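Here is a walk through one protein chain, starting from a single side chain and ending with the whole fold. Please keep the structure open while reading.

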Amino acid sequence: MRIGVLGAGPAGLYFSLLMKKADPAHEIVVVERNAPDATFGWGVVFSEETLGALRDADHESHVAITDSFARWNAIDVHYRGEVVRSGGHVFSGVARRKLLEILQTRCRELGVELSFQDEQPDISRFDRFDLVVGADGVNSTVRRLHEDRFRPTLDVHRSKFVWFGTDRIFDAFTFIFRETEHGLFQVHAYPFDAQTSTFIVECNQRTWERAGLEAVSEQESIGFCEDLFSPELAGHKLMSNRSSWISFVTVKCETWHHDNVVLLGDAAHTAHFTIGSGTKLAMEDSISLANAFLRHRSDAGRALTEYEMDRQPVVERFQEAARESATYFEDVIRYTHFEPLQFAFHLLTRSGRITHLELERRDPAFLASVDRWFTQKADAGWAMVGPRWPRQVPPRPVFGPLHLGDVTLRNRVVLDVPSRDGATDGLMDDEQGAEVEEAIDERPGLVLVEGIAVSAHGRITAGSVGLYRDDHMGPWEHPAGQGRDSTVAAVLVHAGPRGATRPRRHGVDRPMGDGGWPLFSASAIPYTPRSPVPRAVEGKQFDAIAEDFVAAARRAWRVGFGMLVLDFSHGYLLASFLSPLTNHRGDDCGGSLQNRLRFPLRVLDDVRSAWPQGQPLAVRFSASDWARGGLEPEEALEIAAAFRDQGAGLLDVVAGQTVARSRPQYGRAFLVPFSDRVRNQVRVPTMTSGNITTADQINTILAAGRADLCVLDPRMYRPAGL
């Protein structure tokens with residue numbers, strides 16, 4: 001088999017030596033435009049898992065690589081003049097130049113032909129080869145030549161970074177955060193041999209421009225960074241290797257092979273450097289591709305397909321983790337109000353790969369300090385009477401109380417009781433009441449009773465429960481007033497354009513047909529193409545709707561609900577005023593965001609005046625419409641701030657369903673990033689949800705300051721089939 005490889009980075013070299021080792025009869029040629037010792041960057045970091053794969057694939061190169069390693073097991077976070085250390089992480093680093101030297105030597109030992117300083121504008125040199133491998137990096141010529149087949153997307157990140165080396169030897173993976181008059185700078189530093197460490201400096205675009213770094217020379221850039229981080233460099237120097245300020249590019253390709261051409265490593269995909277997985281992924285690609293050809297020696301097409309099916313899901317998971325990590329560093333200024341311990345925990349758990357439970361396994365003492373800090377902050381009375389828990393074994397964050405006004409929630413778990421659509425003209429049936437009582441028996445901090453309509457025309461379905469008449473109050477008095485250990489919250493809603501539908505067990509947003517009622521919305525826009533056209537709210541209808549919310553709130557208090565949640569989300573009536581997709585009004589309730597907020601804020605203000613002072617009042621709102629032309633991220637923050645200023649003591653941050661054509665981005669804890677953004681930029685307590693299934697997830701979210709309450713996925717506490 002004749003194999004041509006364009007690019008002599010780790011991916012191309014490792015694949016070549018593995019294929020030659022598997023069958024010495026293969027004719028393999030590697031072509032590289034640069035010199036053998038030319039490389040971008042300084043050190044490469046490997047995990048223990050990756051080292052195991054390298055050992056199994058080629059023992060000889062594995063030994064040479066590991067003999068060159070610098071090893072460490074700690075992460076240091078320098079922040080606000082303090083250093084927070086977390087141990088047990090196990091890193092191994094090697095100089096990138098040394099890694100290439102080892103792989104080149106191994107290739108030559110096996111008989112791979114290497115051609116350096118050999119510029120190839122295309123792949124015509126490999127026209128007669130059986131397999132052409134594009135291992136030529138992020139600016140891949142092979143990918144560009146077959147762009148119509150690989151269909152790549154290139155996402156340029158918002159931050160700027162520069163990759164230095166230094167003769168300062170760090171004994172840990174080190175993060176440094178430095179606030180300046182220009183903005184926040186951060187460093188990612190780690191050792192990779194006995195004399196040198198990698199030293200990456202990063203900042204956002206605005207900070208970079210304010211510091212004037214777009215116009216400086218390489219030496220001036222070094223001088224700026226040496227001065228800025230002189231305390232940590234401790235008299236040592238920074239070193240350059242064609243080090244210039246750039247923006248990272250995340251590469252994704254729909255497919256990685258076409259005919260006999262295949263992409264490897266950065267040519268096919270990239271993962272942001274903040275999770276240190278680029279070389280790891282590239283060399284694992286090489287192992288996978290070589291193994292596929294071992295299994296399918298006579299069927300190249302099958303081998304290439306198997307390689308792609310094996311690697312794409314793995315890479316996608318790493319790219320998602322890398323996206324979360326990169327976003328954290330791009331927006332890290334959001335967290336500069338955190339205390340050092342929480343700041344470090346948030347950083348360590350940024351990508352989702354490390355959690356509260358994993359940190360307990362790696363460094364129990366560090367995790368205990370985080371739990372102790374959290375509990376002390378949550379339980380303000382501990383300082384006067386002494387902690388109610390052993391100092392060395394503090395409770396988990398999930399068990400920390402939360403003070404909202406005059407109400408204290410006993411823990412941070414929220415259970416959600418949706419409507420069963422079994423009500424008759426708004427009157428709750430016994431089964432709905434029993435479900436509320438069952439949820440209370442689980443002893444969460446908060447029980448949410450969903451979808452309580454504020455008026456007959458505000459119902460979602462004919463079976464929706466309501467509090468729009470006094471006779472509705474009776475069935476609520478027992479379950480709502482029973483919340484001695486758990487606070488029970490009424491979620492008040494006016495369905496607006498999503499009303500008059502069939503019970504949701506028959507499908508979502510299916511119109512009733514006969515027996516429906518008039519619908520209202522900000523504008524006369526149906527929720528789905530088959531939905532009735534709602535009436536735009538006009539004149540005295542504004543007063544009537546606001547009074548419906550107020551009257552329902554008063555009834556909720558009289559029957560014993562301890563908390564109120566106003567549902568201004570998911571395309572319901574008040575949400576239809578907030579989004580430009582559903583509000584096309586030309587009056588003072590439409591157009592600008594200030595105008596679109598006018599009526600929702602009026603309803604909130606009226607309810608706040610009627611709801612007892614000291615009792616918590618929350619608002620649920622959609623931080624993203626998940627649809628083109630919908631709310632912008634900055635608008636969501638303005639909305640959150642307006643609700644906070646108008647008296648909402650808690651925000652339940654959700655997303656999507658504003659319009660039927662929304663494209664949700666579901667996944668593990670998928671709403672948490674929205675909560676994190678709102679909580680830490682608007683500085684307001686938040687509740688989050690979205691596939692939260694474990695105590696570990698809840699503890700991680702809470703300790704990192706991403707939310708204050710977590711709604712547990714109902715599948716975790718309801719019997720199957722209910």
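In this predicted model, arginine 412 is buried but forms no salt bridge. The nearest side chain of opposite charge belongs to aspartate 708, and it is 4.3 Å away. A salt bridge requires a side-chain nitrogen of Lys or Arg within 4 Å of a carboxyl oxygen of Asp or Glu, so the pair of arginine 412 and aspartate 708, at 4.3 Å, does not count as one.

What lies 2.9 Å from a polar atom of the side chain of arginine 412? That position is taken by the backbone oxygen of glycine 400.

In the chain, arginine 412 sits in a loop, with β20 (407-409) on one side and β21 (413-417) on the other. Leaving aside residues up to four places away in sequence, arginine 412 touches Phe374 and Ala378, then Pro397, Val398, Gly400, Pro401 and Leu402. Its other contacts on that list are Leu702, Asp708, Leu709 and Cys710.

Now the chain as a whole. Contacts between residues at least 6 apart in sequence join residues at least 24 apart in 71% of cases. The secondary structure consists of 24 helices and 30 strands. The radius of gyration is 29 Å, and the globule rule gives 27 Å for 722 residues, so the chain is as compact as a globular protein of that length. The C-alpha trace spans about 90 × 60 × 50 Å along its principal axes.

Of the 722 residues, 60% are buried, arginine 412 being one of the buried residues. The chain exposes about 29300 Å², of which 49% comes from carbon and sulfur atoms.

Key
Residues are numbered from 1 along each chain as its sequence is written. This is a predicted model: local features need pLDDT of at least 70, side-chain atom pairs count only at pLDDT 80 or more; totals for chains, interfaces and linings use all residues. Side-chain values use heavy atoms; hydrogens and water are left out. Helices (H or I, at least four residues) and strands (E, at least two) are DSSP runs, numbered from the N terminus. Buried means under 20% relative accessible area, exposed over 50%, partly exposed in between (1.4 Å probe, protein chains only). Lys and Arg count as positive and Asp and Glu as negative; His and the chain ends are not counted. A polar contact is a pair of N or O atoms within 3.5 Å; within protein, one must be able to donate a hydrogen and the other to accept it, and residues adjacent in sequence count only if both atoms are side-chain atoms. Contact means heavy atoms within 4.5 Å. The radius of gyration is taken over C-alpha atoms; the globule rule is 2.2 Å times the number of residues to the power 0.38. Accessible areas come from the Shrake-Rupley method with a 1.4 Å probe; for residues, only the protein chains shown count as cover.
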